[in-house]
Amino acid sequence: SLNSTNHSLTGKKERERERERVSSVLVKMATERPDEEKPETRVQDLIHGGGGGGASPVQSPTRLGPTRFSEVAGDQIRNTGSNFIGSVLSLINGDPNRSLKNPVKRAKRKRIRTAKTAACVIGLVAFFIFVNWFMLSQLHEGRAWLRRGFSKKPKLDPKPNPKVIPDPNPSVKRVSVKVSASVQHGEKKKMGKPKKKYNGTYGRLLAYASHALAEGQNKLEPKELWREPKDQALAWKPCADQRSWKPSDGKNGYIMVTANGGINQQRVAVCNIVVVARMLNATLVVPKFMFSDVWTDASQFGDIYQVEHFIKYLSPDIRIVKKLPKELQSLDLEAIGSLVTDMDVVKEAKPGFYMKHILPLLLKNRVVHFFGFGNRLAFDPIPFELQRLRCRCNFHALNFVPKIQEMAAVLVRRLRDSGSHLAPVDPYLVGPKYASFILDKKAGPLHKASKYLAVHLRFEIDMVAHSLCYFGGGDAEKTELDAYREKHFPTLANLTKTKKMPSPDDLRIEGLCPLSPEEAVLMLAGLGFNRKTRVFVAGANIYGGNKRLAALTSLYPNLVTKENVLSETELQPFRNFSSQLAVLDFIACAASDAFAMTDSGSQLSSLVSGYRIYYGAGKMPTIRPNKRRFSDILLKNNTIEWKVFEQRVRKTVRQTKHVLVRPTGRSVYRYPRCKECMCNED
């Protein structure tokens, strides 16, 4: 009995010593644990759910649910550091405040802790859902699935004056009531973002714009409308006229080119072929222009550009002749394989393509004819001097003929209302001689010229048909555009029959539709252009005619076109020559105090924008709307308030007004701010 008692006392002392040893080890671990978890520990914890199969003293903050909590002796540990150590010690040494012999109280405390933990988790989830719902509901007009069952009557005037503007769209309320009723009857609706549709009308927004312009016609316009917002633009100066190479003798053969498209596409093709001729050490024959059944203009290079200036100015770069030598004129170029069509040359081909495929043909036959040549030379990668030659051709070598320069000078003078100053681009557009025609000799030094805004409204039927978009004309519009595609764009027409094409609504959402006259005028009004602003609209034969332009003329009564400014007698020499008329539009847009493009893919807008950058001395702003964002704004035309519309339109345009160096692969004709074309004084 004594031995058993001694053995019991010895075992008790050993157990106490073991507890003390374990306690000292745990305390040491607590003092040595780093404040931040090591990356490798976090990774292992995420993979294994704890270290070594036991309880991990460090909890991963990224883990949710029951795996976030480690279990020891059937209990849950919610704290780290000293709380963890204290909990383990209480289990080993015993807690004087805790009765291990009373499982009822222990179970009760466990249930309370579990309930509190569950309540916290539920509260956090509810808070997260509430915050997300609140943020979504605060977005402009909310999402459609948050608005169902609620009607919002548009507020036309911040002041309670219902007689100023009647609600142009009273059906909005009826539609909202109908939706509300369907929801109340338990109709199941598909949740998520609804597909927005365009019906071709903007009656409500146009009424807002008319009211805003009438109220603000005596207010000052935003300053950034008539000037470049960035001082960095002043640091860029033209320098494409600088050369650092010897003239090419052109001994490898002759290159002929027939450029396709309109006058602006042809201009790009001419500058591209100049670079190709220098690259291949070939002699260039003065370019020819292909007759287009879309433009129906038989004008040739010499009818638009000064041939002698073109040859002389580029003589230090390449050799140019007016026609082929007699011994080569009789050759059947197609039979000998020297006729190269646009189908033979990949779009934006690199210099290596011409060296590999065209140069051997040129050396063999002594002549190559590029037929239908257009955008067939890449912008990158290309040697520095060749890129500079491209800029030199576009900005220096292509001067318009005197007949066009003279009439363009008259047009600009009248648009400026007999001004007494010249814009930086004027001498380069109309030449030094006719630039003086712009000035009013009777105007005194204190006379202030009127500013004018030029808008290139690229809304001719060819653009409308090719876009595959819908513009609110109903079945008559669809039938007319289908017939036009069949005649002028047969490949596209065939694709619409054999392939699944994007819907007009999808194209509009992606910003792939040209702006209609209604959308263009809403953009101008949203930007803050005064009702008295003189607006010059470039573009011939607007689809829909004067009826379509009614929205523009009603909001901006000082809207004019070249047909309004010039007399019938003055325009007579240019009749039936759409390319020459387009040049008048080009010059009027390039010389304007502010220029707004409605389709960034338009070649005229790109060339005008680049010309204003190159010669504008950082003082000639260009408005480039982000059509994708602008389309998203317009699709809310039935609900958006005018103040919100103004804010969003101005933000959208402001985000495009950055002075950036030409992005890689982009056109030097549109983005001449690059070391090849312009020099930065900073």
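This section describes the overall make-up, salt bridges, one helix pair and several local backbone features of a predicted model.

The chain contains 27 helices and 15 strands. Of its 682 residues, 45% are buried. Contacts between residues far apart in sequence are prominent in the count. Among contacts with a separation of 6 or more, 78% join residues 24 or more positions apart. The accessible surface of the chain is about 37000 Å². Carbon and sulfur atoms account for 55% of that surface.

Salt bridges were examined next. The count comes to 20. One of them pairs Asp317 with Arg392, with the closest N and O atoms 2.9 Å apart. This pair links distant parts of the chain. Asp317 sits in the loop between α10 (307-313) and β7 (320-321). Arg392 belongs to helix α13, which spans residues 384-397. The two positions are 75 residues apart. Both Asp317 and Arg392 are buried. The pair is also part of a network of salt bridges, in which Arg243 is linked with Asp317 and Arg392.

A second salt bridge joins the side chains of Arg458 and Asp462, at 2.9 Å from N to O. Arg458 has a relative accessibility of 11%. The cut-off for a buried residue is under 20%, so Arg458 counts as buried. Asp462 is likewise buried, its relative accessible area being 11%. A further salt bridge is formed by Arg575 and Glu568, with an N to O distance of 3.0 Å. Here the arginine has a relative accessible area of 27%. Partly exposed residues fall between the 20% and 50% cut-offs, and Arg575 is therefore partly exposed.

Helix packing is illustrated by α14 (residues 402-415) and α24 (residues 578-590). Their axes lie 9 Å apart and make an angle of about 45 degrees. This angle makes α14 oblique to α24, because it falls outside the ranges for roughly parallel, roughly perpendicular and roughly antiparallel. The crossing of the two helices is right-handed. On the α14 side, the contact is made by Lys403, Ile404, Met407, Ala408, Leu411, Val412 and Leu415. On the α24 side, it is made by Gln580, Val583, Leu584, Ile587 and Ala588.

Phe489 occupies the loop between α17 (474-488) and α18 (490-498). In sequence, Phe489 and Ala465 are 24 residues apart. In space, their C-alpha atoms are 8.8 Å apart. With residues up to four places away in sequence left out, Phe489 touches Asp462, His466 and Tyr484. Asp462 is thus a point shared by two descriptions: a partner of Arg458 in a salt bridge and a contact of Phe489.

Several backbone features were also noted. The peptide bond from Asp380 to Pro381 is cis, with omega near -10 degrees. Pro381 lies in the loop between β9 (367-373) and α13. Helix α13 also carries Arg392, the salt-bridge partner of Asp317.

Glu348 is not a glycine, yet its phi is positive, at about 55 degrees. This residue is placed in the loop between β8 (339-341) and α12 (351-365). Glu348 counts as partly exposed, at 34% relative accessibility. Asn576 is not a glycine either, and has a positive phi of about 70 degrees. Asn576 is found in the loop between α23 (568-571) and α24. At 68% relative accessibility, Asn576 counts as exposed.

Technical notes. Residues are numbered from 1 along each chain as its sequence is written. This is a predicted model: local features need pLDDT of at least 70, side-chain atom pairs count only at pLDDT 80 or more; totals for chains, interfaces and linings use all residues. Side-chain values use heavy atoms; hydrogens and water are left out. Helices (H or I, at least four residues) and strands (E, at least two) are DSSP runs, numbered from the N terminus. Buried means under 20% relative accessible area, exposed over 50%, partly exposed in between (1.4 Å probe, protein chains only). Contact means heavy atoms within 4.5 Å. Accessible areas come from the Shrake-Rupley method with a 1.4 Å probe; for residues, only the protein chains shown count as cover. A salt bridge is a side-chain nitrogen of Lys or Arg within 4 Å of a carboxyl oxygen of Asp or Glu. Axes are lines fitted to C-alpha atoms, for helices over the stretch in contact, and angles run from 0 to 180 degrees between N-to-C directions. Angles under 35 degrees count as roughly parallel, over 145 as roughly antiparallel, 65 to 115 as roughly perpendicular and the rest as oblique. A crossing is left-handed if the near helix is turned anticlockwise from the far one by less than a right angle, and right-handed if clockwise.
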